[in-house]
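Welcome, and take a moment to look over the sequence and the 3D view. We will go through them together, step by step.

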Amino acid sequence: MTDRDEACGRLLGNLVDAISILEKGKESCALDDWEIFPMEEVEEIIEQLRDMVERLNVEIAEIDDENEGE
């Protein structure tokens, strides 16, 4: 496994964790009716993170394909 593989794996894990944390925070704020940020903004950030996860998964798949070809 190369440094690039490890970095992509760590980044992917961190993005997934961030999505989970934001989802839980969003739910807590909604339950407590405590809105620091508009829920739409939080949802936009979550969607951006999901897009990043999707792009990173494509990158990881391409790296895996390159490694198999060697």
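Leaving aside its neighbours within four places in sequence, which residues is Arg-50 in contact with? Keep that question in mind while we get our bearings, and remember that what you see is a predicted model.

Let us begin with helix α1, which covers residues 3-31. With 29 residues at 1.5 Å a residue, α1 should span 42 Å, and because its end C-alpha atoms are indeed 42 Å apart, the expectation and the model agree. Just beyond this helix, look for Asp-33, which follows α1 and has a positive phi, near 50 degrees.

The other helix to find is α2, residues 39-69. The same kind of check can be made here: 31 residues at 1.5 Å each should give a span of 45 Å, and the end C-alpha atoms of α2 are 45 Å apart, which agrees.

How do α1 and α2 sit against each other? Two packed helices are described by the angle between their axes and the distance between the axes. Here the angle is about 160 degrees, and the axes of α1 and α2 lie 9 Å apart. Angles over 145 degrees count as roughly antiparallel, and α1 and α2 are therefore roughly antiparallel to each other. The crossing in which α1 passes α2 is left-handed. Sorted by class, the residues in the contact of α1 with α2 are 19 nonpolar, 2 polar and 8 charged.

Now see which side chains are tucked away. Along α1, the buried residues are Asp-5, Cys-8, Leu-12, Leu-15, Ile-19, Glu-23, Lys-26 and Cys-29, and the buried residues of this helix pack against α2. On α2, Val-42, Ile-46, Leu-49, Val-53, Leu-56, Ile-60 and Ile-63 are buried, with α1 included in what covers them.

Back to Arg-50, then. This residue lies in helix α2. Its contacts, once the neighbours within four places are set aside, are Ile-19, Glu-23 and Glu-43. Of these, Ile-19 and Glu-23 are among the buried residues of α1. Is Arg-50 itself buried or exposed, or something in between? Its relative accessibility is 33%, so Arg-50 counts as partly exposed. The C-alpha atoms of Arg-50 and Ile-21 are 13 Å apart, with their positions 29 residues apart along the chain.

Two residues of α1 round off the tour. Ser-20 is found in this helix and counts as partly exposed because its relative accessibility is 32%. Although Ser-20 and Ile-46 are 26 residues apart in sequence, their C-alpha atoms are 8.9 Å apart in space. Gly-9 also lies in α1, and with a relative accessible area of 39% Gly-9 is partly exposed. Between the C-alpha atoms of Gly-9 and Glu-44, 35 residues apart along the chain, the separation is 24 Å.

Technical notes. Residues numbered from 1 in each chain as written. Predicted model: local features only at pLDDT ≥ 70, side-chain atom pairs only at ≥ 80, totals over all residues. Heavy atoms only, no water. Helix = DSSP H or I, 4+ residues; strand = E, 2+ residues; numbered from the N terminus. Expected span 1.5 Å × (residues − 1). Buried < 20%, exposed > 50% of the residue type's maximum accessible area, 1.4 Å probe, protein only. Contact = heavy atoms within 4.5 Å. Axes fitted to C-alpha atoms, helices over the stretch in contact; angles between N-to-C directions. Parallel < 35°, antiparallel > 145°, perpendicular 65-115°, else oblique. Left-handed = near helix turned anticlockwise from the far one by under 90°. Nonpolar A, V, L, I, M, F, W, Y, C, P; charged D, E, K, R; others polar.
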